[in-house]
Amino acid sequence: MLPGLAQAVVSPFTGSKTLLSVEYLGQSDYPTGCESVTAVMALRQAGVEISVDEFIDFCLPKGEVWEEGGRLVGDDPYLCFIGDPRSSSGFGCFAPALARGLAAAAGEDRVQDLTGQSLARLCRDYIDQGTQVILWATIDMKEPRQGRSWTLNATGETFTWTAGEHCLLLVGYDRDCYYFNDPYQDKGLTAYEKDLAESRYQALGCQALALTG
């Protein structure tokens, strides 16, 4: 199968399955770098030769959280990655921030923000057309939890992190499951039950990105 080509296969157990052939990368060297590793899987599939380290060092917008006057103050994860993706103490980032990194690597005109679309629609409009999708859910599709809070440096608003936030690459589906290249603990191609994946995706704001062209 050619890379990026949607292949329909038939299983006696699940019926028809559509699955993209996408190079897998794990995040064992990047404890909180799921966004960067997933981005690089998508970039390489789109023909951009880049390493995870190059993406982190030269493309990913980065910010911090720090203590100021006895309270935590920090940057906005919608604008930049909070912390260091190579450290277990990092947090993460959301779709607008990662879109900036993808644009720096591949060009702004190739980045599509698909936030708000259902997983079923993403499969119809992108997976079926041979394009993988970056999306946000939770580690192992577990229930999201309330994480640490800090005051956003730019606005003074209070932001609360979602503990267990995770970014992974949607590459296929069948009757019962969605299939992901899941970088967490080098899990490889992983199937998650459809209703569960949709619920966790919704809990993280239905955030999704794609690279086209």
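Me: What is the volume of the largest pocket, and what makes a space a pocket?
Reply: The volume of the largest pocket is about 300 Å³. On a 1 Å grid over the protein atoms alone, a pocket is an open set of points where a 1.4 Å probe fits, with protein on both sides within 12 Å along at least five of seven lines. The model is predicted, with local features needing pLDDT of at least 70 and side-chain atom pairs pLDDT 80 or more, while totals for chains, interfaces and linings use all residues. Residues are numbered from 1 along each chain as its sequence is written, and side-chain values use heavy atoms, without hydrogens and water.

Me: Which residues that line the largest pocket are the closest to its centre?
Reply: Of 18 lining residues (an atom within 4 Å of a point), Thr32, Ile139, Ala163, Gly164 and Glu165 are the closest to the centre.

Me: Why is Cys34 called buried?
Reply: Buried means under 20% relative accessible area (1.4 Å probe, protein chains only). Cys34 has 5% relative accessibility, so Cys34 counts as buried. Cys177, at 18%, therefore counts as buried too.

Me: How many disulfides are there, and why is Cys34 not bonded to Cys167?
Reply: The count is zero. A disulfide requires a pair of cysteine sulfur atoms within 2.5 Å. The closest cysteine sulfur to that of Cys34 is in Cys167, at 5.6 Å, which is too far for a bond. For Cys177, the closest cysteine sulfur is in Cys123, and 12 Å is likewise too far.

Me: With which residues is Leu122 in contact, leaving aside neighbours within four places in sequence?
Reply: Contact means heavy atoms within 4.5 Å. By that rule the partners of Leu122 include Leu114, Ile127, Leu135 and Tyr201.

Methods
Grid points are joined across faces, edges and corners, and a volume is the space filled by probe spheres set on the points. Buried means under 20% relative accessible area, exposed over 50%, partly exposed in between (1.4 Å probe, protein chains only).
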